[in-house]
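Thanks for coming. I will go through one structure this morning, starting from a single residue and working outwards. Please have the sequence and the model up in front of you.

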Amino acid sequence: DPVTARLLYTGPPGHFFVDAVSVRAAGTGELINFPGQGRIWSERENKEFFLRYWAPLLSVLLTAATAAMVVKITRRLGYGIGVAVGVGLSFGLATMAWPFAKLDFAEPGVTFFLVAATLALLKYGAGQRYRWALFASLLVLGAVLTKYVAVITLPVFALQLVLLHRVPGSGWRELPRLSWCAVLVFASPYLLLLLPGMALLSAMYDFRLLYESELLEGLGRGWLG
């Protein structure tokens with residue numbers, strides 16, 4: 001039976017924490033576990049607690065901000081304040097937004113970015129200022145970075161941007177001429193950030209490894225490395 005034991009740390013200077021120890025019996029080879037008591041409110045736990053404190057709170061704040069934007073979108077579509085508040089409360093209290101806001105998921109962040117992009121496009125349609133088109137594109141990019149399957153919404157937002165240029169009396173064939181500049185502004189973050197980023201990764205790492213192992217297999221696993 002073990003009476004005493006000594007652990008000698010030989011790594012680089014830093015902090016070394018032991019939560020539990022396992023030893024193997026010399027005679028039988030049986031693995032014996034000695035669970036630790038934990039470090040209650042140690043310096044490490046204080047730091048980790050406050051680092052993680054914002055993680056669950058962030059979903060709550062993002063969902064509340066999304067509900068507020070739903071109210072603004074409804075108002076911009078011409079409905080009264082009563083209808084807008086009712087739609088906002090319905091989103092916050094009667095959909096899956098409520099349970100997702102209580103747990104640590106990526107969906108509140110994706111929803112926040114997509115709803116904000118929708119509001120930005122509506123503001124672009126009101127004055128057709130290119131900064132709103134660029135802002136909407138950056139918001140969709142934020143949704144994609146939060147959960148990459150949100151990339152399927154990109155063509156929808158691009159189509160909505162094109163349709164915002166249709167004026168009464170104009171034909172559908174005139175839309176490309178009227179909207180090409182706004183579409184170029186909308187696509188600029190992907191042309192200036194995404195494609196150069198992929199080229200940089202290809203230069204830093206083996207492109208076949210990036211493409212075969214991380215991209216395709218990562219999509220299959222549901223996670224990109």
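**Two threonines, then the rest of the chain**

Leaving out residues up to four places away in sequence, Thr63 touches Phe91, Ala97, Ala101 and Pro108. Before I go on, keep in mind that this is a predicted model. Thr63 sits in helix α2, residues 54-76. Is Thr63 buried or exposed? Its relative accessibility is 11%, and the cut-off for buried is under 20%, so Thr63 counts as buried. The side chain of Thr63 also has a polar partner: it reaches the backbone oxygen of Ser59 at 2.7 Å.

Now go along to Thr74, which is in helix α2 as well. Thr74 has a relative accessibility of 9% and therefore counts as buried. Which backbone oxygen lies 2.7 Å from a polar atom of the Thr74 side chain? That oxygen belongs to Val70. With neighbours within four places in sequence set aside, the contacts of Thr74 are Tyr79, Val83, Ala84 and Val87.

Let me step back to the whole chain. The secondary structure amounts to 9 helices and 2 strands. Reading along the sequence, the order is β-β-α-α-α-α-α-α-α-α-α. Of the 225 residues in the chain, 24% are buried. Taking contacts with a separation of 6 or more, 54% are between residues 24 or more positions apart.

How far should you trust the coordinates? The mean pLDDT of the chain is 83, with 85% of the residues at 70 or more. Where is confidence lowest, and where is it highest? The lowest is helix α9, residues 207-221, with a mean of 61, and the highest is helix α3, residues 81-94, at 96. Where pLDDT is low, the predicted coordinates should not be read in detail.

Next, the strands. β1, residues 20-24, and β2, residues 31-35, run antiparallel and are joined by 5 bridges. Within that pairing, Val21 in the one strand stands opposite Phe34 in β2. The hairpin has 6 residues between the strands, and in it Gly29 takes a positive phi near 80°.

There is another positive phi to look at, and this one is not a glycine. Gln128 has a phi near 50°. Most residues other than glycine have a negative phi. Where is Gln128 found? Gln128 is in the loop between α5 and α6. At 37% relative accessibility, Gln128 counts as partly exposed.

That loop leads us to helix α6. α6 covers residues 130-146, which is 17 residues. From first C-alpha to last, α6 reaches 24 Å, close to the 24 Å expected at 1.5 Å a residue. The buried residues of α6 are Ala133, Ala136, Ser137, Leu139, Val140, Leu141, Gly142, Ala143 and Val144. As a reminder, an α-helix has 3.6 residues a turn, so residues three or four places apart point the same way. What covers the buried residues of α6? The cover includes α5 (107-127), α7 (154-163) and α8 (175-204).

On the other side of α6 in sequence, Val149 is in the loop between α6 and α7. Val149 has 45% relative accessibility, so it counts as partly exposed. Its C-alpha is separated by 9.8 Å from that of Val110, and the two residues are 39 apart along the chain.

Last item, the aromatics. The count of aromatic pairs is 2. In one of them, the rings of Phe112 and Phe113 have their centres 5.5 Å apart and their planes at 70°, and because planes over 60 degrees apart count as edge-to-face, this pair is edge-to-face. Phe113 has 23% relative accessibility, so it counts as partly exposed.

To recap, you have two buried threonines in α2, Thr63 and Thr74, each with its side chain 2.7 Å from a backbone oxygen, that of Ser59 for Thr63 and that of Val70 for Thr74. You also have an antiparallel pair of strands, and a helix α6 covered by elements including α5, α7 and α8. That is what I have for today.

Conventions. Residues are numbered from 1 along each chain as its sequence is written. Side-chain values use heavy atoms; hydrogens and water are left out. Helices (H or I, at least four residues) and strands (E, at least two) are DSSP runs, numbered from the N terminus. The expected span of a helix is 1.5 Å times one less than its number of residues. Buried means under 20% relative accessible area, exposed over 50%, partly exposed in between (1.4 Å probe, protein chains only). Contact means heavy atoms within 4.5 Å. A polar contact is a pair of N or O atoms within 3.5 Å; within protein, one must be able to donate a hydrogen and the other to accept it, and residues adjacent in sequence count only if both atoms are side-chain atoms. Rings of Phe, Tyr and Trp (its six-membered ring) pair if their centres lie within 6.5 Å; planes under 30 degrees apart count as stacked, over 60 as edge-to-face and the rest as tilted. Two strands pair if DSSP finds at least two bridges between them. pLDDT is the predictor's confidence in each residue, from 0 to 100.
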